[in-house]
Amino acid sequence: MSAWNWASLWPAPAKLNLFLHVVGRRADGYHLLQTVFRFVDRADTLRFTPRSDSQIVLATPIPGVPADSDLTVRAARLLQEATGSRQGATIHLDKQLPMGGGLGGGSSDAATVLLALNHLWQTGLARPALEKLGLGLGADVPVFVHGRNTFAEGVGEAFTDVELPATTYLVLHPAVHVPTAAIFTAPELPRDTPAMRPTDWHPGEGHNDLEAVACTRFPLVAEHLAWLKSRAPQAMMTGSGACVFAGFAQRSAAEAVLADLPADMHGWIAEGLAEHPLAKIR
């Protein structure tokens, strides 16, 4: 019997982009990316209660986000539609990851809904089919369904899995919401970084093409990144921001930098994961 059941607390971990290159743009406007996704142990948590009326109800709505447009609700309904399931669920979400932080929180929540309800409802979709469903919800959803630290290409859905060293990350969260669309539509965004082969990438290589745009438009991001770079030169922004991070081989080194954090800045420490906590669920 699976350890995962209706009584379980289901994790939706954050991701960090260890680099993020924009290597082109498709005719439909979607950007072509190369990045490495790393899961970390900071997470939202979800809990599910079965329903017999086929309804999907979010018991913990996010202020300002209509329930029908919430990614968790959309993910559950998409799974119902794809499988013809008449089962329902009430979703309880304990939100810890910031919105607009570049950590993939909403996408991770949606992926956990797909993985959890596919298991709980016994709808039987294989992981590649769930990844395809996830892409319909957002470009970052498939990697959380995929469940492995990975070199991603395309719009973020073509994966070459990578083994990453044990790393402790210090993450700083500027108190600003960075809309992804505002960064990707910026005219000054570079869109011609040369592509590389996944097998040619090594940890520590690469940069984030979105970083300069976010820093220019959101000075708080620039301020936090400059502070962290002064103590960890390898620091960079994750995703389209706002969070910035640096990796350390020793947790004590990350803790020493965190101890110096100014009172008006917010940060936390997370350990890199070898894989998503739900990587093996069926």
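**Exercise 1. The largest pocket**

Task: In this predicted model, find how much space lies in the largest pocket, which residues lie nearest its centre, and which elements give two or more residues to its lining.

Solution:
- Step 1. Start with the volume: the largest pocket holds about 1200 Å³ of space.
- Step 2. Turn to the lining, which is made of 47 residues. Nearest the centre lie Ser107, Ala139, Asp140, Thr180 and Ser240.
- Step 3. Now look for the elements that supply two or more lining residues: E1, strand E2 (31-51), helix H1 (71-83), helix H2 (105-120) and helix H5 (180-184).
- Step 4. Sort the lining by class, and you get 19 nonpolar, 21 polar and 7 charged residues.

**Exercise 2. The second largest pocket**

Task: Work out which residues are the closest to the centre of the second largest pocket, and which strand gives the most to its lining.

Solution:
- Step 1. This pocket has a volume of about 350 Å³.
- Step 2. It is lined by 21 residues, and Leu18, Gly204, Gln234, Phe245 and Gly247 are the closest to its centre.
- Step 3. The top contributor to the lining is strand E9 (residues 244-248), with 3 residues.
- Step 4. By class, the lining splits into 10 nonpolar, 7 polar and 4 charged residues.

**Exercise 3. A salt bridge across the chain**

Task: Asp140 has already turned up by the centre of the largest pocket; find the parts of the chain that its salt bridge with Lys15 links, and decide whether Lys15 is buried or exposed.

Solution:
- Step 1. Check the contact: the side chains of Lys15 and Asp140 come to 3.9 Å, N to O, and the cut-off for a salt bridge is 4 Å.
- Step 2. Place the partners. Lys15 sits in strand E1 (residues 10-25), while Asp140 is in the loop between helix H3 (127-135) and helix H4 (141-146). These distant parts of the chain are 125 residues apart.
- Step 3. Judge the accessibility. Lys15 is buried because its relative accessibility is 2%, and buried means under 20%. Asp140, at 25%, is partly exposed.

**Exercise 4. Two more pairs and a network**

Task: Among the 12 salt bridges of the structure, compare the accessibility of the partners in Arg77–Asp68 and Glu271–Arg251.

Solution:
- Step 1. In the Arg77–Asp68 pair, the closest N and O atoms are 3.0 Å apart. Arg77 is partly exposed at 34%, whereas Asp68 is exposed at 54%.
- Step 2. For Glu271 and Arg251, the corresponding distance is 2.6 Å. Glu271 belongs to strand E10 (residues 267-271) and Arg251 to helix H8 (residues 251-259), so this salt bridge ties together parts 20 residues apart in sequence.
- Step 3. Glu271 is partly exposed at 23%, and Arg251 is partly exposed at 37%.
- Step 4. Finish with a network: salt bridges link Asp44, Lys95 and Asp109.

Note on methods. Residues are numbered from 1 along each chain as its sequence is written. This is a predicted model: local features need pLDDT of at least 70, side-chain atom pairs count only at pLDDT 80 or more; totals for chains, interfaces and linings use all residues. Side-chain values use heavy atoms; hydrogens and water are left out. Helices (H or I, at least four residues) and strands (E, at least two) are DSSP runs, numbered from the N terminus. Buried means under 20% relative accessible area, exposed over 50%, partly exposed in between (1.4 Å probe, protein chains only). On a 1 Å grid over the protein atoms alone, a cavity is a set of points where a 1.4 Å probe fits but cannot get out, and a pocket is an open set with protein on both sides within 12 Å along at least five of seven lines; lining residues have an atom within 4 Å of a point. Grid points are joined across faces, edges and corners, and a volume is the space filled by probe spheres set on the points. Ala, Val, Leu, Ile, Met, Phe, Trp, Tyr, Cys and Pro count as nonpolar, Asp, Glu, Lys and Arg as charged, and the others, Gly among them, as polar.
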